[in-house]
Amino acid sequence: MRDLSQWLADYGESHQNPINQKIHKVAVPGIFLSVVGLIWSIPPIALYGIILNWVWVVAVPVLIFYFKLSLSVFLMMLGFILACISLIWSIELMQAPVFLVSLVLFAVLWMLQFIGHKIEGKKPSFLDDVMFLLIGPVWVFRKR
């Protein structure tokens with residue numbers, strides 16, 4: 001497995017253009033949030049009498065991946081994941097359509113991402129390795 005610095009360097013290769021970087025600073029966290037919302041929208045499962053939302057099932061292996069990169073990345077992304085879950089839960093409590101909001105956000109932000117990569121002149125990193133979808137938020141949060 002690549003180490004954190006290698007992941008970030010490889011991701012950064014296709015994110016050199018300042019406009020693409022600015023698009024990513026908005027779109028990557030927003031897409032992550034929208035994915036949390038889409039997963040949240042999957043009907044929960046009952047496991048040994050406990051109602052479990054799928055977002056928690058997905059979060060565990062994702063957080064294990066981040067932990068293997070570094071403790072600081074794990075803590076940063078744990079905080080972000082919890083913030084995303086809190087925001088999605090708040091949207092649900094306001095009786096807004098979480099699935100629809102998440103789907104629209106997902107579609108619009110991905111269009112922005114592809115515009116950014118068109119400007120960059122390079123394909124998105126995840127086309128080479130899907131794990132870059134998890135590296136994107138780390139890169140955005142660590143980029144100054």
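How much area does the protein chain expose, and what share of it do carbon and sulfur atoms supply? The exposed area of the protein chain is about 8,300 Å², of which carbon and sulfur atoms supply 72%; accessible areas were computed by the Shrake-Rupley method with a 1.4 Å probe, and for residues only the protein chains shown count as cover. The model is predicted, so that local features need pLDDT of at least 70 and side-chain atom pairs count only at pLDDT 80 or more, while totals for chains, interfaces and linings use all residues. Residues are numbered from 1 along each chain as its sequence is written, and side-chain values use heavy atoms, with hydrogens and water left out.

The protein chain contains six helices and two strands, arranged from the N terminus as α-α-β-β-α-α-α-α. Helices (H or I, at least four residues) and strands (E, at least two) are DSSP runs, numbered from the N terminus. The C-alpha trace spans about 50 × 30 × 25 Å along its principal axes. Buried residues (under 20% relative accessible area, with exposed over 50% and partly exposed in between; 1.4 Å probe, protein chains only) make up 41% of the 144 residues.

A nonpolar surface patch of about 690 Å² is formed by Ile19, Leu100, Val104, Val108, Met111, Leu112, Ile115 and Ile119. Such patches consist of residues with over 30% relative accessible area and no salt bridge (a side-chain nitrogen of Lys or Arg within 4 Å of a carboxyl oxygen of Asp or Glu); like charges are joined within 9 Å, and nonpolar side chains (Val, Leu, Ile, Met, Phe, Trp, Tyr) within 5 Å. Helix α5 (residues 98-120) provides the largest share of the patch, seven residues. Ile19 lies in helix α2 (residues 18-40) and is partly exposed, with a relative accessible area of 46%.
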